[in-house]
Amino acid sequence: VNISHDNSRVSAVLPTGESVDVLLFGATVISWKDRAGNEKLWLSDAAKLDGSKAVRGGIPLVFPVFGTAPDHAATSSLPQHGFARNSKWEFLGKSSSESSPSTSPSDASVKLDFGLSSATLDEKSKSLWPFTFSAIYSVTLTTEGLSTGIVVTNDGQEPFEFQTLLHTYLRIKDITKIEVTGLEDSEYIDKVDGAKTKSQSGAVTITGETDRVYTPAKGPSSPVIVSEGGSEIFSVLRDNLKEIVVWNPWTEKAAGMGDFEPKDGFKNMICIEAGSVRGWTALEPGDVFNGAQTISY
Ligand code: BG6
């Protein structure tokens, strides 16, 4: 496994050609390619990769609040989606399993670990969220897919509550040909219709601005599948993440985002976001939370 690392990003390439690029800013995965070099994630042409703004595309990491939470005192003054995606993470190192003569090249994999804690957090974020915590975010690339997972530890003396979500922008060819299955009969909150609670019937298709928080009825062991023109292109499995957010900004919302380019790029992306965002996860001193997703194709 070939790994390169500088002050701003870590890249890994498997012997079979699959690759991943992770920015230290936000520990944001900004590229994930299959062995033929096909990009699997959507990244805006106008995304800021210099740390001036959260990255528009890839996999921004949402923590410790999803959206904004005016009614939740401890997180109410944090920026939208929290500080993790705007913080500089530390590269903690890699573990890889190399292919050897006795195994095949397709057995190679690599795990990249990134860390953020109250000790390394910038002063401004610390003053807005004064809890003692540490987080390790792991990005694992295999020949079958990509896993990303967060481990949060309460290292302090008082409990805290948080939400977290993996804001994955999947790259697709044509939003009008997309069907998302695995959410049938699930309850969802429709954020574009006054946060009404609704129930999904059949597959999800996208025909306009879509912003929904699903609680999958089938439970976490059942995958959410994205199909395009009838063929399955992604499968998302969750571990300890109860919800799936489905987001597409469509025309007007995309037009209103300065860092969203090209403007018709909404046709080439769908966000399938595994998270724990309905209600709050409480962590007592010394307790650890583990949440992850595996995306395969
Ligand atoms: C989604 C939210 O997860 O993220 C949407 O459900 C939001 O409401 C979208 O618009 C993008 O957020 P941001 O802060 O990256 O523009």
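The following exercises, each with a worked solution, concern a predicted model of a protein chain with a ligand.

**Exercise 1.** Determine how many helices and strands the protein chain has, and assess its compactness.

*Solution.*
Step 1. The protein chain holds two helices and 20 strands.
Step 2. Its radius of gyration is 19 Å, close to the 19 Å that the globule rule gives for 297 residues, so the chain is as compact as a globular protein of that length.
Step 3. Along the principal axes, the C-alpha atoms fill a box of roughly 50 × 45 × 35 Å.
Step 4. Of the 297 residues, 41% count as buried.
Step 5. Among contacts with a separation of 6 or more, 64% are made by residues 24 or more positions apart.

**Exercise 2.** List the residues that surround the ligand and divide them by character.

*Solution.*
Step 1. The ligand is surrounded by A54, G67, Q80, H81, H167, K191, D211, V245, W247 and E273.
Step 2. This shell divides into three nonpolar, four polar and three charged residues.

**Exercise 3.** Locate K191, state whether it is buried, exposed or partly exposed, and find its contacts.

*Solution.*
Step 1. K191 lies in the loop between strand 13 (187-190) and strand 14 (196-199).
Step 2. Within 10 Å of K191 there are 16 other C-beta atoms; a buried residue needs 20 or more and an exposed one has 12 or fewer. K191 is therefore partly exposed.
Step 3. Leaving aside residues up to four places away in sequence, K191 touches D211, R212 and V213.
Step 4. K191 and T210 are 19 residues apart along the chain, and their C-alpha atoms are separated by 7.9 Å.
Step 5. Both K191 and its contact D211 belong to the residues that surround the ligand.

**Exercise 4.** Carry out a similar analysis for K111.

*Solution.*
Step 1. K111 is placed in strand 7 (residues 109-117).
Step 2. Because 18 other C-beta atoms lie within 10 Å, K111 is partly exposed.
Step 3. Apart from residues up to four places away in sequence, K111 touches K94, S95, S138 and T140.
Step 4. From K111 to P64 the separation is 47 residues in sequence and 23 Å in space, C-alpha to C-alpha.

**Exercise 5.** Describe the peptide bonds that precede P64 and P262, and the phi angle of N240.

*Solution.*
Step 1. The bond from F63 to P64 is cis, with omega near 0 degrees; P64 is in the loop between strand 5 (61-62) and strand 6 (90-97).
Step 2. The bond from E261 to P262 is also cis, with omega near -10 degrees.
Step 3. N240 is not a glycine, yet its phi is positive, about 65 degrees.

Notes. Residues are numbered from 1 along each chain as its sequence is written. This is a predicted model: local features need pLDDT of at least 70, side-chain atom pairs count only at pLDDT 80 or more; totals for chains, interfaces and linings use all residues. A residue is near a molecule or strand if its C-beta atom, placed from the backbone, lies within 6 Å of it. Ala, Val, Leu, Ile, Met, Phe, Trp, Tyr, Cys and Pro count as nonpolar, Asp, Glu, Lys and Arg as charged, and the others, Gly among them, as polar. Helices (H or I, at least four residues) and strands (E, at least two) are DSSP runs, numbered from the N terminus. The radius of gyration is taken over C-alpha atoms; the globule rule is 2.2 Å times the number of residues to the power 0.38. Two residues are in contact if their C-beta atoms, placed from the backbone, lie within 7 Å.
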